[in-house]
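User: Please take a close look at the salt bridges of this model and at the places where their partners sit. A connected account in formal terms would be welcome.

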Amino acid sequence: MARPRVLSGIQPTADSFHLGNYLGAVRQWVTMQETHDAFYCVVDLHAITVPTEPADLRRRTRVAAAQLFATGLDPERSTIFVQSHVREHSELSWVLNCQTGMGEAARMTQFKDKSAKFGESAASVGLFTYPILMAADILLYQADQVPVGADQKQHLELTRDLAQRFNHRYGDTFTLPDPYILKEVAKITDLQEPTAKMSKSSSSPGGIIDLLEQPGPLRKKVMRAVTDTGSEVLFDEENKPGISNLLRIQSALTATSIPDLVARYEGQGYGTFKKDVAEAITETFTPIRERTEKLLADEAELDRLLAIGAARARAVAVDTMATVRDRVGFLPAPGV
């Protein structure tokens, strides 16, 4: 029986993934490659919907790809590639743009949020049509399932609507993707603002833990994490949001329940607890960082791995687009 195909992507918009990216997505992608025909891409086309320096984009795309391999994604079991290496993403996005109503696109909450942040006059058309490119990413590979969090459900609904619309107008062409609900992952919050989500765009440098963080700075961040005036290690999100966040992190990385952790640290105070949290993060991230650095030091090998993924992805994308072009009514390209 064929495995269900899954498609997901991550943006190269920072110099490192952070702890929330790792627990909420990437670690679960590694597990999914055992049960799915998995396609994972570094979505560099999405990254340029906001102003981006070319040199930064190139560097961050390589860093993102290297981290994916370093966390355990296997090029023999998953298709790992860079989005812009497969030109059919852009072509299908244009076709789907022409199937999307203005009001439909304007209802996307992510555009509203980001345009409010950057200012509507600074928001690009690319940012407005971002969800349609995301739909193209998914439909191009005939994905059966898409890992989604709460902030992406609306985009998947749009993808399904566009697939159904195209299929109704032009004949059965696209697989309708279903959501793959990721394993519930406790929300990881900012170490300095423990009531706010850990985020590259809003967290202060001291509030975010990077996957490629060196052990020394990482430990300092954890030891300086905001807690409260008490000394008991208890899970109480209202009165102890900082300690509760550290308990969630420790639990996720050590596969130990929060009640068991609370019992372990009874009467020990924050110092011992924070040292152990820092150690759990360091033990998880150090081998990933070392593998990432090794890959980045050998660009030829990293390029080879990405070329394997791009070739595999293009084989599927070219087939899908041939069908789309024919059904839309485009003339065959000369010499093809």
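Analyst: Helices here are DSSP runs of type H or I with at least four residues, and they are numbered from the N terminus. The model is a predicted one. Under that numbering, helix H13 spans residues 269-296 and holds both Arg289 and Glu293, which are four residues apart, about one turn of the helix. These two residues form a salt bridge whose closest N and O atoms are 3.6 Å apart. The pair qualifies because a salt bridge requires a side-chain nitrogen of Lys or Arg within 4 Å of a carboxyl oxygen of Asp or Glu. Arg289 counts as buried, at 8% relative accessibility, whereas Glu293 is partly exposed at 39%. The cut-off for burial is a relative accessible area under 20%.

A second pair within one helix is found in H14. Arg304 and Glu301 both belong to this helix and stand three residues apart, again about one turn. Their salt bridge brings the closest N and O atoms to 2.9 Å. Both partners are partly exposed: the relative accessible area is 43% for Arg304 and 26% for Glu301.

Elsewhere, Asp15, Asp56, Arg59 and Arg60 are joined into one network by salt bridges that share partners.

Helix H14 also takes part in a contact between distant parts of the chain. Asp303 forms a salt bridge with Arg62, with 2.8 Å between the closest N and O atoms. Asp303 lies in H14 (residues 299-328) and Arg62 in helix H3 (residues 54-70), so that 241 residues separate the two partners along the chain. Asp303 is partly exposed, with a relative accessible area of 33%, and Arg62 is likewise partly exposed, at 25%. In total, the model contains 17 salt bridges.

Helix H9 may be added for its pattern of burial. This helix covers residues 153-170, has 18 residues and reaches 26 Å from its first C-alpha to its last, close to the 26 Å expected at 1.5 Å a residue. Its buried residues are His155, Leu156, Leu158, Thr159, Leu162, Ala163, Phe166 and Asn167. Viewed down the axis of H9, these buried residues fall within an arc of 165°, and therefore they line one face of the helix. The face turned away from the buried side carries the exposed residues Glu157, His168 and Arg169. After H9 comes Gly171, which has a positive phi near 105°.

Technical notes. Residues numbered from 1 in each chain as written. Predicted model: local features only at pLDDT ≥ 70, side-chain atom pairs only at ≥ 80, totals over all residues. Heavy atoms only, no water. Helix = DSSP H or I, 4+ residues; strand = E, 2+ residues; numbered from the N terminus. Buried < 20%, exposed > 50% of the residue type's maximum accessible area, 1.4 Å probe, protein only. Expected span 1.5 Å × (residues − 1). Arc of directions from axis to C-beta.
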